[in-house]
Amino acid sequence: MNRSFDADRHLLDLAGMSRERMELLLGRADHFARGGAVPRALDGVAVCNLFFEPSTRTRLSFQLAAQRLGAHVLGFDVSSSSASKGETDLDTLRTLEAMGVRGFVVRHREDGAVRALAGRAGADTVLVNAGDGRSAHPTQGLLDMLTLRQAKGPDLARLKVLVVGDVRHSRVARTDLDGLRTLGVEDIRVCAPAELLPEPEVLAGCEVVPGLDDAIRGVDVVMLLRLQRERMVEGLVRSLDGYHREYGLDARRLALAAPGAVVMHPGPVNRGVEVTDEVADGPHSLILRQVANGVAVRIAVLEALLGGPQAPHGVA
Ligand code: CP
């Protein structure tokens, strides 16, 4: 089996994706989000959702997307699989490849695990990173960019965007920052407790503003992040009430943003910690729009990567 590595065949990250390629994928996803016909481009193709970490939105929306394209979709439950008997990730991949599975949507707790698997995959195998450790979550980044464009128009460059919360442990933050920079956004602010700020290179081009009341003034977009308690050293955030008081978004704080400001959160939401119910469920919230766009983006990505030469915007 040829195991040569061709990073462009897969979707591993948004870092390094050209603006042109991103715009093509977003345009196709927007078409699907607006009810455009979904071709049976994956008729007969087998796709496995290989999730080594829990997920609701990403796993099920990839399942829906692949089904709508006509694929055979295999779920993978780690606890009832031979991974629980010690089978390695690579042997799992090779076992499924031997069954004829061509597409793998992979979530993993370790940074770089999906890229490492892609480097050992067969020549016809396609991997999509559904979130690895703190590194990247490219389809979340794309669905966030799509949601922003639908809400604010295609030219994002003039927007003031604020990212709030646990940037340090967040693959969504890293990927959204890559997406925003690629699409020309220049005014990006970041607000987080000092212990939840990431390494400086992640924040290239961003302004770190310590207090949320200052950071939120006049912004058009507030991107909230989930506190990633499963990735934290014990005690990094001492009190959830204290976090909410300093970094939680409520109606008073939202009123300091620009008129018509929108609120985003990748989910799952820790209600009463990152955001109040009133804001999460209020008229400025795009949280469920993000979820809906997840299906459209994943149709576009699977079509481009696995739909063959007839796919209109092939990534490969
Ligand atoms: N946003 C996101 O990745 O959610 P899930 O963990 O539910 O897939």
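## Close-up views of a predicted model

**View 1. Asn49 and its partner in strand 3.** Asn49 stands opposite Val105 in strand 3. Keep in mind, here and in the views that follow, that this is a predicted model. The pairing of Asn49 with Val105 sits in a wider setting: strand 1, residues 46-51, runs parallel to strand 3, and five bridges join the two. On to strand 4, residues 126-132, which also pairs with strand 3 in the parallel sense, over five bridges. There, Val126 of strand 4 is the bridge partner of Gly103.

**View 2. Strand 3 and its two faces.** How many residues of strand 3 are buried? Six of its six are, so we can call this strand, residues 103-108, mostly covered; buried here means under 20% relative accessible area. Look along the strand and you will find Gly103, Val105 and Arg107 pointing one way. Phe104, Val106 and His108 point the other way, and both sets are buried.

**View 3. From strand 3 over helix 4 to strand 4.** Which handedness does this unit have, right or left? Strand 3, helix 4 (residues 113-120) and strand 4 make a right-handed β-α-β unit. The two strands of the unit are the parallel pair with five bridges from View 1.

**View 4. A salt bridge along helix 1.** The structure holds 13 salt bridges, and this view shows one of them. The side chains of Glu23 and Arg19 meet at 3.0 Å, N to O. How far apart are these two residues in helix 1? They are four residues apart in this helix (residues 19-33), and therefore separated by about one helical turn. Glu23 is partly exposed, at 28% relative accessible area, and Arg19 is partly exposed too, at 39%. Salt bridges that share partners also bring in Arg149, joining Arg19, Glu23 and Arg149 into one network.

**View 5. A salt bridge between helix 1 and helix 11.** Here the side chains of Arg28 and Glu303 meet in a salt bridge, 2.7 Å from N to O. The pair links distant parts of the chain, with Arg28 in helix 1 and Glu303 in helix 11 (residues 287-306), 275 residues apart. Are the two partners buried or exposed? Arg28 counts as buried, at 17% relative accessibility, and Glu303 counts as buried, at 2%.

**View 6. Arg174 and Glu199.** The closest N and O atoms of this salt bridge are 3.4 Å apart. Arg174 lies in helix 6 (residues 171-182), while Glu199 lies in the loop between strand 6 (187-191) and strand 7 (206-208), so the pair ties together parts that are 25 residues apart in sequence. Arg174 is buried, with a relative accessible area of 11%, whereas Glu199 counts as partly exposed, at 36%.

**View 7. Leu203 and its contacts.** Stay with the loop between strand 6 and strand 7, and you will meet Leu203. Leu203 counts as buried, at 11% relative accessibility. Which residues does Leu203 touch, leaving aside those up to four places away in sequence? They are Arg181, Val190, Leu197, Pro198 and Val208. For a sense of scale, Leu203 and Arg68 are 38 Å apart in space, C-alpha to C-alpha, and 135 residues apart in sequence.

**View 8. Two tyrosines in helix 8.** The structure holds two aromatic pairs. One of them is Tyr243 with Tyr247, a tilted pair at 5.6 Å centre to centre, with 35 degrees between the planes. Why is the pair called tilted? Planes under 30 degrees apart count as stacked and over 60 as edge-to-face, so the 35 degrees here falls to the tilted class. Tyr243 and Tyr247 are four residues apart in helix 8 (residues 240-247), which means that about one helical turn separates them. Tyr243 is buried, with a relative accessible area of 5%, and Tyr247 counts as buried, at 10%.

**View 9. Where domain 1 and domain 2 meet.** The domain assignment of the protein chain gives domain 1 as 7-137 + 293-310 and domain 2 as 138-291. Taken over C-alpha atoms, the centres of the two domains are separated by 25 Å. How many residues does the contact take from each domain? The contact takes 37 residues from domain 1 and 30 residues from domain 2.

Technical notes
Residues numbered from 1 in each chain as written. Predicted model: local features only at pLDDT ≥ 70, side-chain atom pairs only at ≥ 80, totals over all residues. Heavy atoms only, no water. Buried < 20%, exposed > 50% of the residue type's maximum accessible area, 1.4 Å probe, protein only. Pairing = 2+ DSSP bridges. Right-handed = clockwise from strand over helix to strand, strands pointing away. Salt bridge = Lys/Arg side-chain N within 4 Å of Asp/Glu carboxyl O. Phe/Tyr/Trp six-rings, centres within 6.5 Å; stacked < 30°, edge-to-face > 60°. Domains from an automatic or database assignment. Contact = heavy atoms within 4.5 Å.
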